[in-house]
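I sat down with this one to see what could be read off it. My notes are in the order I looked things up.

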Amino acid sequence: MNASREADRIPGGAAKERFVRRLFTAIAPTYDIMNVVMSAGCIYLWHRFFRRHTALGPGDRALDVCTGTGELARIMAEQVRPGGRVVGIDLTPGMLEIARYKLAARGLDEEVELIEGNALSLPFDDGSFKAASMGFALRNVADIPQAIREMARVVRPGGRVLNLELSKPPSPFVRVPYFFYFYRVVPVLGRLIERTAAQVGSIRPYTYLPASLVKFPDQATLARVFREAGLVNVRYYSLTGGIVTLHVGEKPA
Ligand SMILES: C[S@@+](CC[C@H](N)C(=O)[O-])C[C@H]1O[C@@H](n2cnc3c(N)ncnc32)[C@H](O)[C@@H]1O
């Protein structure tokens, strides 16, 4: 597979949203387990790091944009109880269904409200939340600056915007072996489960995954997008050699 060629085939705008919805509907049942397998368990470390940077406490309100199966929403719900609330929003009903089931199983269905909606036009008033997060989803949205602007808008002054996402490792010593794994091994792993998950149009889900990183901005460029959205104290943390990055920005108080 040539990832750059695949990246050129990913549609833009509304077509991308339709594509993304179909893709995540197809992989929803296996999404969580694939995350654990493909990250060799590192997903747990990345989630733990995210938890340490939300600055949330009991009684707070938080938003998880592109919540998918609700993993970041669950983490924040554990932080804001008692008395707090988390809203998880996503385009794909099939992903939200899994989130609903998981949150109920953990007794967090009171704390978390799940709604269908678009990251590019959040149905909330300005300053509604103490924190807004996004996990492993920014590569999927059709307009990255607009998604960050929307998160910044709905966070209250002093609140945080957090984005946990795959990134391109800056060091060649990490990048070369990682890219081999990501661009060569992941699609093969994915093909094993694609026997059950439908191919979406002419693009296979775990061929799309590596292709979606090709045109994604590097760490410093994404930090600039955060600043251009009006966020301050923008910083980013490279995790596992920069395979994943957590960007954090604050709305001026
Ligand atoms: C890779 S999953 C990430 C799920 C979850 N945040 C996590 O950390 O595992 C990407 C999710 O983003 C959602 N998504 C993509 N574009 C979206 C948009 N414009 N608005 C809302 N959700 C979107 C997809 O439906 C999918 O559930």
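These entries go from the overall build to the ligand, then to a helix pair and two backbone oddities.

**Overall build.** First reminder to myself: I'm looking at a predicted model. I counted up the secondary structure and got ten helices and seven strands in the chain. Next I checked the extent: along the principal axes, the C-alpha atoms fill a box of roughly 45 × 35 × 35 Å. Then I wanted to know how the radius of gyration sits against a compact globule. For 253 residues the rule gives a value near 18 Å, and the chain comes out at 17 Å, so the two agree.

**Around the ligand.** Which residues come nearest to the ligand? I found 20 residues around it, and the nearest of them are Cys66, Gly68, Thr92, Ala119 and Gly135. I then asked which elements give two or more residues to this shell, and got helix 2 (13-27) and helix 5 (71-80). Helix 2 has the largest share, with three residues. By character, I sorted the shell into eleven nonpolar, six polar and three charged residues.

**Helix 7 against helix 10.** I picked this pair to look at packing. Two packed helices are described by the angle between their axes and the distance between the axes, so I pulled both numbers. Helix 7 covers residues 144-154 and helix 10 covers residues 219-228; they pack at about 50°, and their axes are 9 Å apart. Why do I call helix 7 and helix 10 oblique? Angles from 65 to 115 degrees count as roughly perpendicular and those under 35 as roughly parallel, and the pair's angle of about 50° fits neither, so helix 7 and helix 10 are oblique to each other. I also noted the hand: helix 7 passes helix 10 in a right-handed crossing. On the helix 7 side the contact uses Ile144, Pro145 and Ile148, and on the helix 10 side Val225, Phe226 and Glu228. I get five nonpolar residues in that contact, one charged and no polar.

**Backbone oddities.** Where does the cis peptide bond fall? I have it running from Arg81 to Pro82, with omega near 5°. Pro82 is in the loop between helix 5 and strand 2 (85-90), and helix 5 is one of the elements I had already met in the ligand shell. My other entry is Ala55, which isn't a glycine yet has a positive phi, near 60°. I placed Ala55 in the loop that joins helix 4 (42-52) and strand 1 (61-65).

How values were computed. Residues are numbered from 1 along each chain as its sequence is written. This is a predicted model: local features need pLDDT of at least 70, side-chain atom pairs count only at pLDDT 80 or more; totals for chains, interfaces and linings use all residues. Axes are lines fitted to C-alpha atoms, for helices over the stretch in contact, and angles run from 0 to 180 degrees between N-to-C directions. Helices (H or I, at least four residues) and strands (E, at least two) are DSSP runs, numbered from the N terminus. Angles under 35 degrees count as roughly parallel, over 145 as roughly antiparallel, 65 to 115 as roughly perpendicular and the rest as oblique. A crossing is left-handed if the near helix is turned anticlockwise from the far one by less than a right angle, and right-handed if clockwise. Two residues are in contact if their C-beta atoms, placed from the backbone, lie within 7 Å. Ala, Val, Leu, Ile, Met, Phe, Trp, Tyr, Cys and Pro count as nonpolar, Asp, Glu, Lys and Arg as charged, and the others, Gly among them, as polar. A residue is near a molecule or strand if its C-beta atom, placed from the backbone, lies within 6 Å of it. The radius of gyration is taken over C-alpha atoms; the globule rule is 2.2 Å times the number of residues to the power 0.38.
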